[in-house]
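Good morning, and thank you for coming. Please look at the sequence and the model while I speak.

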Number of protein chains: 2
Amino acid sequence: MKVGIIGLGLIGGSMGLALRECNYASRVYGYDQLEVHVEVALQKGIVDEGCDSLEKLVQASDVVILAVPVQSIVRLLPQVLDLVDQEMVIDVGSTKQDMVESVKGHPKRSRYLPTHPMAGTEYSGPQAALQRLFEGKVCVFCDVEDSDKEVVDEILTMYERIGMDVVEYHSAEHDVHTAYVSHISHISSIALALTVLEKEKNENRIFELASGGFSSTVRLAKSNPDTWIPIFEQNRDNVLDVLDEHINVISQFRTMLIKKDFERFHALMERANDIKKILK
Amino acid sequence: MKVGIIGLGLIGGSMGLALRECNYASRVYGYDQLEVHVEVALQKGIVDEGCDSLEKLVQASDVVILAVPVQSIVRLLPQVLDLVDQEMVIDVGSTKQDMVESVKGHPKRSRYLPTHPMAGTEYSGPQAALQRLFEGKVCVFCDVEDSDKEVVDEILTMYERIGMDVVEYHSAEHDVHTAYVSHISHISSIALALTVLEKEKNENRIFELASGGFSSTVRLAKSNPDTWIPIFEQNRDNVLDVLDEHINVISQFRTMLIKKDFERFHALMERANDIKKILK
């Protein structure tokens with residue numbers, strides 16, 4: 001298959017590496033607003049060839065992957081579908097409802113499948129791309145009933161070749177569940193970073209004490225705001241919903257500390273331990 | 001050196017493995033209230049020999065390591081110092097002021113050095129012990145002026161042999177800084193686990209979406225409450241102080257989402273990115 005990737009950042013770049021390595025892609029074309037991204041992508045073996053327009057990329061490809069930030073997916077997706085004849089189009093963004101909405105009723109809607117590979121790191125750009133980023137992880141397909149069966153089957157094959165397990169959600173359901181699990185994790189980590197930077201004025205102390213758990217808990221706070229703020233914006237209502245619960249829990253901790261109710265704190269931490277039953 | 005370890009859990013067990021492997025310890029003695037811990041420690045090569053009383057362990061050792069939960073350190077430390085002649089005693093607990101207070105004015109106080117190796121995992125018990133847990137990490141020594149120079153020098157040698165860098169804090173300062181960096185990270189992670197368990201009733205969804213950052217951010221919530229609740233209890237005032245700031249930050253996020261002030265959210269996330277300058 002000939003694959004065209006729009007957006008050669010962490011996710012787009014990793015897709016290029018993975019799809020070439022498993023020989024799913026016979027040729028990978030890349031497009032990115034930043035010329036330096038295309039250069040790095042060529043050097044790193046992410047793409048075989050850069051394209052200087054969306055038209056050329058779509059014409060050259062069997063499968064087109066939109067891997068730009070979510071607000072750009074919403075803007076570019078209708079333009080890409082306008083260029084499509086029999087090509088297949090997917091996006092790999094972290095929200096889904098706004099994308100689906102942006103091409104509702106489009107004559108080529110059935111050539112598009114909304115997907116969300118649940119993988120990433122705190123780094124960004126093609127230099128951060130990893131060939132095995134997707135291996136053993138889950139990819140969510142949304143609203144499969146609105147895409148041609150041929151498209152769904154082909155994209156399933158593609159993701160399976162790079163080692164992903166595929167599950168199917170409705171797009172609205174996707175946005176609720178990613179807010180509840182993934183987006184709140186980012187907000188929690190960003191809040192932790194700001195808390196520690198505010199309270200701990202001595203950077204040496206942060207460095208020295210970071211291996212006591214801070215380092216891993218704050219990892220997501222290193223993520224790129226240009227990627228994440230548009231995600232919080234598009235998924236604002238669901239994020240607010242789970243954030244209210246998070247504030248509720250943390251306020252309970254505060255009350256327990258004030259009242260020295262360590263018995264209840266113990267019981268709540270035991271309940272938190274239940275996460276072990278779900279995650280290894 | 002002959003080393004005696006009181007408490008054969010994750011930290012005590014890992015100390016035994018590390019000190020034997022680097023040949024610092026010619027012989028390791030172990031004591032634990034749970035007989036099964038001693039059995040596992042013998043099987044895993046954590047200790048050469050189990051002792052059935054504190055007396056026997058102290059008599060057999062040059063260096064005694066207290067590696068029990070913090071509330072037990074406070075209880076056992078004076079008893080251990082009562083048994084000491086020229087032996088050296090350290091503890092490896094996550095708080096320091098209460099320990100120091102428990103042996104203030106003790107005739108053998110100068111044979112004791114409060115230490116805190118900043119290392120751990122979310123697992124507990126001797127079966128979780130790791131030989132290289134401490135390598136490349138920082139160990140905090142507290143109030144070194146209250147310990148014999150000979151003790152400080154010997155314990156420095158010991159920690160350096162297992163690959164740790166040593167820094168010196170006052171015990172009060174230690175408790176403030178560990179609250180600000182390490183203890184708040186645990187509370188944040190526990191709160192995230194409870195939030196997600198409350199909002200996301202479908203455990204399959206948690207499992208499927210966890211690789212989107214949740215999995216690493218929630219890691220500390222798997223920690224043992226029997227270890228951690230006594231730490232929060234002993235360090236309550238400092239933990240409350242940093243928790244108030246954390247609630248303040250998260251409440252700001254809520255306000256920004258409600259007001260759709262994504263420009264300010266972006267600026268705050270950029271500020272959170274500063275953590276990259278401190279941690280790689």
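I shall begin with the conventions, then treat the sheets, the helices and the contacts between the chains.

This is a predicted model, in which local features need pLDDT of at least 70, side-chain atom pairs count only at pLDDT 80 or more, and totals for chains, interfaces and linings use all residues. Residues are numbered from 1 along each chain as its sequence is written, chains are lettered from A and ligands numbered from 1 in the order in which they are written, and side-chain values use heavy atoms, leaving out hydrogens and water.

Let us start with chain A. Its eight strands (DSSP runs of E, at least two residues, numbered from the N terminus, as are helices, runs of H or I of at least four) form an open sheet in the order 3-2-1-4-5-6-7-8, with mixed pairing. Two strands pair if DSSP finds at least two bridges between them. Which strands stand at the edges of this sheet? They are strand 3 (49–50) and strand 8 (165–169) of chain A; each has a single partner strand, so one side of each is left without a neighbour in the sheet. Strand 6 and strand 7 (residues 138–142) of chain A pair in the antiparallel sense over three bridges, and Pro117(A) stands opposite Cys139(A) in strand 7.

Helix 7 (residues 171–199) of chain A packs on the sheet, touching strand 6, strand 7 and strand 8 of chain A, and its direction makes about 110° with that of strand 8. Here contact means heavy atoms within 4.5 Å; axes are lines fitted to C-alpha atoms, for helices over the stretch in contact, and angles run from 0 to 180 degrees between N-to-C directions.

In chain B, the open sheet of eight strands also has the order 3-2-1-4-5-6-7-8. Strand 7 (residues 138–142) and strand 8 of chain B run parallel, joined by five bridges; there, Val140(B) has Val167(B) as its bridge partner.

How do the chains meet? In chain B, 90 residues are in contact with 90 residues of chain A. Between the two chains there are six salt bridges, a term for a side-chain nitrogen of Lys or Arg within 4 Å of a carboxyl oxygen of Asp or Glu. Arg254(A) and Asp244(B) meet in a salt bridge, at 2.3 Å from N to O. On the side of chain B that touches chain A, the largest share, 22 residues, comes from helix 7 (residues 171–199) of chain B.
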